[in-house]
Amino acid sequence: MLQNLFQCPIELFEAYPIGRILNRMSCDMYVIDQKLPSCLQRLLLVSLICLSSLTVNCIQSPLFILCALPIIAVYWWIQHFYRCSSRELQRLDSLSRAPVFSHFSDTLTGLVTIRSFRVQPKFVNELCEKIDINTAASLMLQSGCRWLGLTLDVIGSIIVFASVTIAVIMTEYTTDPAAPASMGLLISYSLLVPIYLAWVVKFVADIENYMNAVERVLEYTGLEHEEDP
């Protein structure tokens, strides 16, 4: 992206706000270099742990499959509903951050003129308004994340309740001396399933949000170059 920007015509830097370019060079590149790889690694890890927990539960209690399938479908619907909104909220957060960079850069460039006309309070108020807009978008994004966590915790409690109920019923109607041990193993792994299912949903949604940064950077890699004289 940087090499492509160096080859772009001067008219592009006059048409595009400097804050938009700085936003892609700083925040978007940070997301791509730091957050996206770690999120992919964690998604793979929690997916394997969640799959192993579900496998143990299904082996210990085949009836658990009847409860797990509809609950997993509910998890999928919730993450689909959340991704549709969080993706746009993430885009609003990125778009509202660019004016903050642009205003701050322009203020530093014309600092002498601003002080000579004594309009510092005006520029401070304008910067605060732009920060408030960005903060509002960020707050909505974080609120959506909290809603997702609360909803998944409620559904996770249903999974644990169903697992414990199945384990108690199986213990009552079996004469196997190892049934109490199997019940303890089933309950232990049932407690892990909602935790890691929630992390899987969250990481999938985060990866889609982080792909906004990839999309924005790729947009600048496709800009037309300045023609050679």
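The protein is built from 7 helices and 0 strands, and what you're looking at is a predicted model. Reading from the N terminus, the order is simply α-α-α-α-α-α-α. The radius of gyration is 26 Å, while a compact globule of 229 residues would come in near 17 Å. Here's a quick tour, from the overall outline down to a few individual side chains.

**Overall shape and packing**

- Laid along its principal axes, the C-alpha trace covers about 90 × 45 × 25 Å.
- Buried residues make up 34% of the 229 in the protein.
- Take the contacts between residues at least 6 apart in sequence: 87% of them connect residues that are at least 24 apart.

**Surface and charge**

- The accessible surface adds up to about 14100 Å², and carbon and sulfur atoms account for 68% of that.
- There are 15 positive and 21 negative side chains.
- The centre of the positive set and the centre of the negative set sit 7 Å apart.
- Side chains of opposite charge can pair when their charged atoms come close.
- In this protein, the count of salt bridges is 9.

**Arg91 and its two partners**

- Arg91 pairs with Glu88 in a salt bridge, with 3.1 Å between the closest N and O atoms.
- Both residues belong to helix α4, which covers residues 64-109; because they are 3 residues apart there, about one helical turn separates them.
- Arg91 has a relative accessibility of 27%, so it counts as partly exposed.
- Glu88 is also partly exposed, at 39% relative accessibility.
- Arg91 forms a salt bridge with Glu215 too, at 3.4 Å from N to O.
- That pair ties together distant parts of the chain, with Arg91 in helix α4 and Glu215 in helix α7 (residues 179-221), 124 residues apart.
- Glu215 comes in at 47% relative accessibility, so this residue is partly exposed as well.

**A pair within helix α7**

- Lys202 and Asp206 meet through their side chains in a salt bridge of 2.9 Å, N to O.
- These two are 4 residues apart in helix α7, which means about one helical turn lies between them.
- Is each partner buried or partly exposed? Lys202 is partly exposed, with 24% relative accessibility, whereas Asp206, at 10%, counts as buried.
- The cut-off behind that split is 20% relative accessible area: anything under it is called buried.

**A salt-bridge network**

- Which residues are joined into one network by salt bridges that share partners? They are Arg83, Arg87, Glu88, Arg91, Glu208 and Glu215.
- Arg91 is a handy place to start tracing it, given its salt bridges with Glu88 and Glu215.

**An unusual backbone angle at Arg118**

- Most residues other than glycine have a negative phi.
- Arg118 is not a glycine, yet its phi is positive, at about 55°.
- Where does Arg118 lie? Look in the loop between α5 (111-117) and α6 (120-172).
- Arg118 has a relative accessible area of 72%, so this residue is exposed.

**To recap**

- The picture is of a protein with 7 helices and 0 strands, whose radius of gyration is 26 Å.
- Among its 9 salt bridges are Arg91 with Glu215, linking α4 and α7, and Lys202 with Asp206, inside α7.
- For a backbone detail to look up, try Arg118 in the loop between α5 and α6, with its positive phi.

Notes:
Residues are numbered from 1 along each chain as its sequence is written. This is a predicted model: local features need pLDDT of at least 70, side-chain atom pairs count only at pLDDT 80 or more; totals for chains, interfaces and linings use all residues. Side-chain values use heavy atoms; hydrogens and water are left out. The radius of gyration is taken over C-alpha atoms; the globule rule is 2.2 Å times the number of residues to the power 0.38. Buried means under 20% relative accessible area, exposed over 50%, partly exposed in between (1.4 Å probe, protein chains only). Contact means heavy atoms within 4.5 Å. Accessible areas come from the Shrake-Rupley method with a 1.4 Å probe; for residues, only the protein chains shown count as cover. Lys and Arg count as positive and Asp and Glu as negative; His and the chain ends are not counted. The place of a charge is taken as NZ of Lys, CZ of Arg, CG of Asp or CD of Glu. A salt bridge is a side-chain nitrogen of Lys or Arg within 4 Å of a carboxyl oxygen of Asp or Glu.
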